[in-house]
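Colleague: I've got a model open and I'd like to learn how to read its empty spaces and the ligand. Could you walk me through it?

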Amino acid sequence: MDVFETFKAAQKAGWAHFAPLQAITTTSAARLVMHAGIRPGARVLDVACGTGVVAVTAARSGARATGLDLTPELLEAARANSRTAAVEIDWHEGDVEQLPFDAAAFDVVVSQFGHMFAPRPEVAIGEMLRVLKPGGTIAFSTWPPELFVGRMFAVVARYMPPLPPGIPPPVLWGEPTVIRERLASAVRDIVFDRATMLVPALSPQHHRQMTERTAGPVLKLVESLSAADPAKLAAFRQEYDALAAQYLEHNIARQDYLMTRATKV
Ligand SMILES: C[S@@+](CC[C@H](N)C(=O)[O-])C[C@H]1O[C@@H](n2cnc3c(N)ncnc32)[C@H](O)[C@@H]1O
């Protein structure tokens, strides 16, 4: 397996336990659907859909939704979500770097905290734009490096082996200047917006426990350190808790994020 396939295999295994976090990503899904201007009848692709919160929200507002994700366990939850919500969605197991759809098949392509985890940003965005019709909307939510979740990823990265050469940190997708470069001349009318995800947490430690049980990169880190280096794990946990404490007030952690929207030329 080459370095990119190895990275994706680790992502697939790492995100398998993410489903409980849909309780939190549900509200931001509605924000993204609104930001993308999704209308009834629009053909919408939700890339790296996880449990399908964005696709289900789009379908409930009348769109014809398709969802794609790398992780089968999350697609199972996505299927259950669409059954419960009584909406028809076309679910696919697949990779954003190799989308199994025709060119210009969609009116809107969205991703919530998803496509940012693909190892080759230019390949992922190239595919998302390929399947989008000219004049269609691309919209995504991402974590900026200087805010809580981005800083948390930086803490995690310091305790892990470095990313292989050629794989940039996912949080670069949270930088407007980088986004402009990556979208380049393929789009016009880029609009940025910010929003806040409010996460209930009884203490910084509760926030960390939730993350350790659900979020791919953190789950992997804790797994590897708990056997190999308990002292290092304790240091990581202390750093995490100190960071989380800065964003926790009245039992709510503020997780601010960036939303991007653009029109394909
Ligand atoms: C933080 S979760 C977000 C899930 C969902 N969009 C949400 O908002 O709840 C990241 C998702 O990206 C998916 N993912 C990571 N790399 C991927 C890739 N190369 N292709 C497709 N999905 C990918 C993971 O399986 C996981 O579902």
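**Reading the cavity, the ligand and the pocket**

Modeller: Sure. The largest cavity has a volume of about 650 Å³. Keep in mind that this is a predicted model.

Colleague: How many cavities of 30 Å³ or more does the structure hold?

Modeller: Just one. A cavity is a space where a 1.4 Å probe fits but cannot get out. In this case 40 residues line the largest cavity, and Trp15, Phe18, Phe113, Gly114 and Phe117 are the closest to its centre.

Colleague: Which element gives the largest share of that cavity lining?

Modeller: Helix 8, with four residues. Several elements supply at least two residues each, including helix 1, helix 2 (22-35), helix 3 (53-60), strand 2 (64-69) and strand 6 (187-200). Sorted by class, the lining of the largest cavity comes out at 24 nonpolar, 12 polar and four charged residues.

Colleague: And where does the ligand sit relative to the largest cavity?

Modeller: The largest cavity is the very space that the ligand takes up. There are 19 residues around the ligand, and those that come nearest are Thr25, Ala48, Asp69, Thr71 and Gln112. By class, that shell has 10 nonpolar, seven polar and two charged residues.

Colleague: Which polar contacts should I look at around the ligand's nitrogen and oxygen atoms?

Modeller: Look for pairs of N or O atoms within 3.5 Å. On the nitrogen side, a polar side-chain atom of Asp95 lies 3.0 Å from a nitrogen atom of the ligand, and a backbone N or O atom of Val96 is also placed 3.0 Å from a ligand nitrogen atom. For oxygen, try Gln112: one of its polar side-chain atoms is 2.8 Å from an oxygen atom of the ligand.

Colleague: How much of the ligand's accessible area does the protein cover?

Modeller: Taken on its own, the ligand has 590 Å² of accessible area, and the protein covers 99% of that.

Colleague: Now the pockets. What is the volume of the largest one?

Modeller: A pocket, unlike a cavity, is an open set of points. Here the largest pocket has a volume of about 600 Å³. It is lined by 25 residues, with Phe7, Met160, Pro161, Leu163 and Pro217 nearest its centre. Helix 1 (3-14), helix 6 (148-158) and helix 9 (216-228) are the elements that give two or more residues to this lining.

Colleague: Which of those helices gives the largest share of the pocket lining?

Modeller: Helix 1, with six residues. As for class, the lining of the largest pocket has 19 nonpolar, five polar and one charged residues.

Methods. Residues numbered from 1 in each chain as written. Predicted model: local features only at pLDDT ≥ 70, side-chain atom pairs only at ≥ 80, totals over all residues. Heavy atoms only, no water. Near = heavy atom within 4 Å. Polar contact = N/O pair within 3.5 Å; in protein donor to acceptor, adjacent residues only side chain to side chain. Areas by Shrake-Rupley, 256 points an atom, 1.4 Å probe, with all protein chains shown as cover. 1 Å grid on protein atoms, 1.4 Å probe; cavity = no way out; pocket = protein on both sides within 12 Å on 5 of 7 lines; lining within 4 Å. Sits in = over half its atoms within 2 Å of the grid points. Nonpolar A, V, L, I, M, F, W, Y, C, P; charged D, E, K, R; others polar. Points joined across faces, edges and corners; volume = space filled by probe spheres on them.
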